[in-house]
Every structure is written in structure tokens, then in C-alpha cells.
Amino acid sequence: MVSQSNITDLTEALATVWRGGPLITAEAAQRLSPQSDAEAYAVQAALGATMGWWAKGRPRAWKLGIAPVTAAPIPDHCLMASPVRLNETDCFSLFGIEVELAVRLKRPLYPGCRQGEAALAIGETMAVIELFDVRAANWQQLPRTFLLADLQMHGRLIIGDGVAGPWQSHFADSALSVSVNDQPMTGLALRHPMGDPLALLPWLAMHTDAAGWGLAEGDVISTGSWTGMFEAKQGQRIEASFANIGSVSLEIDAAMTDRVPT
């Protein structure tokens, strides 16, 4: 059962943080957490409307979550072209990093489509870094539904180089390298957890249609992490490259400070 009062209260609390206010305390986040995924998705939509995130009245970018399968719309201003350098004017509660492949649709994707049809709808494949952020304290202890309502911890999507044209099956096996300050990172999976980055596109087509938005030409979909999330630090430059697809980079200014609750 979806509670409109819960949706309103959490939407207002999240909007305050997005506008530059302090983090929601861990206690308040626990109290305000949605009781279901449906309630969390309702908060996502209400928050986007409250903040005026989508100039065309609908999201033009999405992030997919895996295990369990979930999704979150990305605010227009959170899409950034690589290379990106965050400075002291930006404000984050953490610098969580995931490296992914994103796809851009060349035509709408409708509910009921098959995976092969989804592949044919792709017009570009791109290397991306998702920067994670959370609008509440002690995020590791927060309920999953709070994090889902909070755009699945989304902060920014940095879009790097890509390959125009239809999806190629060998993209799923592309060699990935990741470095921090020019030092190669080790211990990362460097592979999509489902093997096929397009596996969840039919599900997303149904999800977005049920939300009243759908998937349109030009929409960008980040298809899931190849690295798992790792935390970066101030003063680091993260670079990632998918063989035969492209590269993407993000630098975090040493002067940046973490946002803390009051």
C-alpha cells in the first residue's frame, strides 16, 4: 500500500538536500523510508517534478540496478560530458564510483519488446562513470527502499567516448581497464554481472511505460556496473577505458569537502 503522506514527507526532505541543505540524519531517513518499491518509485517521480529536473517533462536518462532489478531516472543536470573535474563548488556526501557502458536509443523502446529488439534500437554505445552520492547520513545502514527513492544513490553520470551504430555482441566482452592517478586498479571484476549489458532493457521499457514516461529516441540508459562501487578520494583522477568502445575520466579536486549532517 502506498502512503501519500510518506511520499510527500520524504520528497520534501530529499528536495531540501538537493537544494543545498544538510544531509538527512540517519534517524530521520529510517523513519521516512518507503514501505515498498512502489512508494520509492513514487518519491522519485515526485522529487523530479518538485525540482523541475526534466526540461521536456520526462527523464531522458536512466540508471539500472541489478540484484534486485531496479531503476532510477537521472536529472538532466546530472549528465556531464567527459572529462569532468569536480571542484569546491560541488557538494557530495561520498565519492562512490562505478564504471559502466551506457547506450543511447535511436528509436523508442516499447513494453513487450524482446532483447533482440532492444539491441536494434540502440544508436550509440558509450563508456561512462557513475558518481554516487546519498542525501542522508550513514548510508551503509539505510534501508534499501530509502536508497531506491534517493535515485539509487545517483550523483552524476559522466559520459565518455563511444561508438555510433547498432549494438555489437562483442561489446559485452570488451576489455576494461581502470586507473586512479595513472595507477592501474586491481581486484575489480571488470565485467558486467549479467554477462549481457542489454539484458534488462525489456524490463526497463515496461517500467518506464508504467510510470507514464516510456523510452524515447535519444534516451540514455546506463546498463549496470562492471566494477562494483569503490570510493574515490579528493585529489584523485579516475580513468576508465573499454577496448574498441571508448574512455571516460573524472577528477576530484583536492579542495573538495564532504557534506555532513547537522
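This is a short walk through a few strands, salt bridges and backbone oddities in one structure. Keep in mind that what we have is a predicted model.

Okay, let's start with strand β13, residues 246–252. Of its 7 residues, 5 are buried, so the rest of the structure largely encloses this strand. Who are the neighbours? On one hand there's β4, residues 84–86, which runs parallel to β13 and is joined to it by 3 bridges. If you want a register mark, valine 84 stands opposite leucine 250. Then there's β12, residues 237–242, running antiparallel to β13 with 6 bridges between them. Here phenylalanine 242 sits opposite glycine 246. β12 and β13 form a hairpin with 3 residues between the strands, and in that hairpin asparagine 244 takes a positive phi near 65°.

Now, stay with β13 and β4 for a second, since there's some charge here. Aspartate 253 makes a salt bridge with arginine 85, and the closest N and O atoms are 2.6 Å apart. Aspartate 253 is in the segment after β13 and arginine 85 is in β4, so this pair ties together parts that are 168 residues apart in sequence. With a relative accessibility of 11%, aspartate 253 counts as buried, because the cut-off is under 20%. And there's a third player: Arg85, Glu251 and Asp253 are linked in a network of salt bridges.

How many salt bridges turn up in the whole structure? The search finds 12. Let me pull out a couple of others. Arginine 58 pairs with aspartate 219, closest N and O atoms 2.6 Å apart. That one links distant parts of the chain: arginine 58 is in the loop between α3 and β1, aspartate 219 is in the loop between α6 and β10, and they're 161 residues apart. Buried or exposed, that arginine 58? It counts as buried at 18% relative accessibility, and aspartate 219 is buried too, at 2%.

Next, glutamate 130 and lysine 63, with closest N and O atoms 2.9 Å apart. Glutamate 130 belongs to β6 and lysine 63 to β1, so the salt bridge ties together parts 67 residues apart in sequence. Both of these residues are buried.

Lysine 63 also shows up around serine 222, which is in strand β10. This serine is buried, with a relative accessible area of 1%. Its side chain has a polar contact of 2.4 Å with the side chain of glutamate 100. Leaving out residues up to four places away in sequence, serine 222 touches Lys63, Glu100 and others, including Trp62, Val128 and Leu157.

Last bit: backbone geometry. As a reminder, most residues other than glycine have a negative phi, and most peptide bonds are trans. Where do we see cis bonds? One runs from alanine 67 to proline 68, with omega near 0°, and proline 68 lies in the loop between β1 and β2. Another joins serine 82 and proline 83, omega about 0°, with proline 83 in the loop between β3 and β4.

For positive phi, besides the hairpin, look at asparagine 138, at about 55°. It's in the loop between β6 and α5 and is partly exposed, at 48% relative accessible area. Then there's methionine 153, with phi near 65°. That residue lies in the loop between α5 and β7, and it's buried, with a relative accessible area of 9%.

That's my tour, thanks.

Methods:
Residues are numbered from 1 along each chain as its sequence is written. This is a predicted model: local features need pLDDT of at least 70, side-chain atom pairs count only at pLDDT 80 or more; totals for chains, interfaces and linings use all residues. Side-chain values use heavy atoms; hydrogens and water are left out. Buried means under 20% relative accessible area, exposed over 50%, partly exposed in between (1.4 Å probe, protein chains only). Helices (H or I, at least four residues) and strands (E, at least two) are DSSP runs, numbered from the N terminus. Two strands pair if DSSP finds at least two bridges between them. A salt bridge is a side-chain nitrogen of Lys or Arg within 4 Å of a carboxyl oxygen of Asp or Glu. A polar contact is a pair of N or O atoms within 3.5 Å; within protein, one must be able to donate a hydrogen and the other to accept it, and residues adjacent in sequence count only if both atoms are side-chain atoms. Contact means heavy atoms within 4.5 Å.
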